[in-house]
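Biologist: I would like a close look at one part of this model, the sheet and whatever packs on it. Please keep it plain and define the terms as you go.

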Amino acid sequence: MFDINQLVRKNVLNLKPYSSARDEFKGQASVYLDANENPYPTGYNRYPDPHQIELKTKLSKIKHVDVENIFLGNGSDEPIDLLIRAFCEPGVDNVVIPQPTYGMYSVSANINNVAIKSVALTDQFDLDAAQTLAACNANTKLIFLCSPNNPSGNLLSDSTVKKILKDFTGLVIVDEAYIDFTQHAGFVPDLSQYPNLVILQTLSKAWGLAAIRLGICFASKEIVQVLNKIKPPYNISLLSQQVAMEALSQEAQKNEWVKQIIAERTRLENELQKIPIVLQVYPSAANFLLVQIKDAALVYHKLVDRGIIVRDRSTVILCNNCLRITVGTLEENQILIRELGAL
Ligand SMILES: *Cc1c(COP(=O)(O)O)cnc(C)c1O
């Protein structure tokens, strides 16, 4: 049986969290003299809701997830760091990370002195369940999966992810930063079935709000409680909460952008395949393409000289001579195609 108390670090289990002024008094009053705020109204003189209830309620309706199963962070980077800090004893525990993938899992593990066990994805960037599980030992607390995966763009196979969820005794984190660009429902509908499932999403990609830093984490009530216990009290600013509320009321706009970006992705893929130095365009379920190019590092610098910045992934495992290219607007993609074709 899965028992969160067996998994969480002992010091976290025993710690008494900071109790903010807004934790100790909730509700409406006429005179607030409890938080050492400036009493003169600027629109921003009061501390924001530390639990972001209004925003979570809105997300709850859009994502069909109860408020108590939602944690919000300062970007996805914050829940990634908090999960490592809550569950991994520095110098003792480890995390398993299939590679290549998003770099922040390793960076956060390294910052926290938590060992990383890397396993390679297959040559088509899919997950090998047996290899991933074999990499785990008694001190493995977290497995980081990313689907669609960055930088390869593919979805991981459902049945493989589910096998790992079923057979691994620690937490399985599925990062769905790019889920809006796929037809796949993602793993949110499976949340109640897997007590060790943690899903990360973000407003940084499809929703067009990278600047406000809003990461979303879906997990069991027990896991959310652990994260709440160790988060900085006011980790989401009022400005971010307000901008997020506004954007979430415009879901049709997000859907329209997604439609445009997917159409452009298909066009860009076709155009890239006509360019002789392009060796391979990997299929993508995200808003970027992984492209294998002759002399990729050189091409990267030539594009920079022409004012076009893509991401050089050519030194990354399984990404030999690969550039990762974000799908831009029609005009931006045309400039890229023109310059790449003329190299
Ligand atoms: C872009 C991206 C994120 C988003 O991170 P934020 O901190 O929410 O901006 C998360 N995971 C992956 C895999 C990404 O590529």
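Which strands does helix α5 (residues 77–87) lie across, and at about what angle does α5 run to β4?

Modeller: This is a predicted model, in which local features need pLDDT of at least 70 and side-chain atom pairs count only at pLDDT 80 or more, while totals for chains, interfaces and linings use all residues. Residues are numbered from 1 along each chain as its sequence is written, and side-chain values use heavy atoms, with hydrogens and water left out.

Helix α5 lies across β1, β4 (140–146), β5 (171–175), β6 and β7, and runs at about 160° to β4. Here helices (H or I, at least four residues) and strands (E, at least two) are DSSP runs numbered from the N terminus, and contact means heavy atoms within 4.5 Å. Angles run from 0 to 180 degrees between N-to-C directions, with axes fitted to C-alpha atoms, for helices over the stretch in contact. A second helix, α9 (residues 221–230), lies across β1, β5, β6 and β7, at about 30° to β1.

The strands under these helices belong to an open sheet of seven, ordered β1-β7-β6-β5-β4-β2-β3, with mixed pairing. Two strands count as paired if DSSP finds at least two bridges between them. Strands β1 (70–73) and β3 (115–120) are the edges, each pairing on one side only. On average, neighbouring strands in this sheet are turned by 25° against each other, direction ignored.

Two pairs show what mixed pairing looks like. Strands β6 (residues 197–202) and β7 (residues 215–218) are antiparallel over four bridges, and Ile199 has Phe218 of β7 as its bridge partner. Strand β2 (residues 94–99), by contrast, runs parallel to β3 and is joined to β3 by six bridges; Ile97 is bridged to Ser118 of β3. In general, strands of a sheet pair through backbone hydrogen bonds, either parallel or antiparallel.

The link from β2 to β3 goes through helix α6 (residues 104–111), and the three elements make a right-handed β-α-β unit. Right-handed means that, with the strands pointing away from the viewer, the path from the first strand over the helix to the second runs clockwise.

As for the setting, the chain has 13 helices and 11 strands. Its C-alpha atoms fill a box of roughly 70 × 50 × 35 Å along the principal axes.
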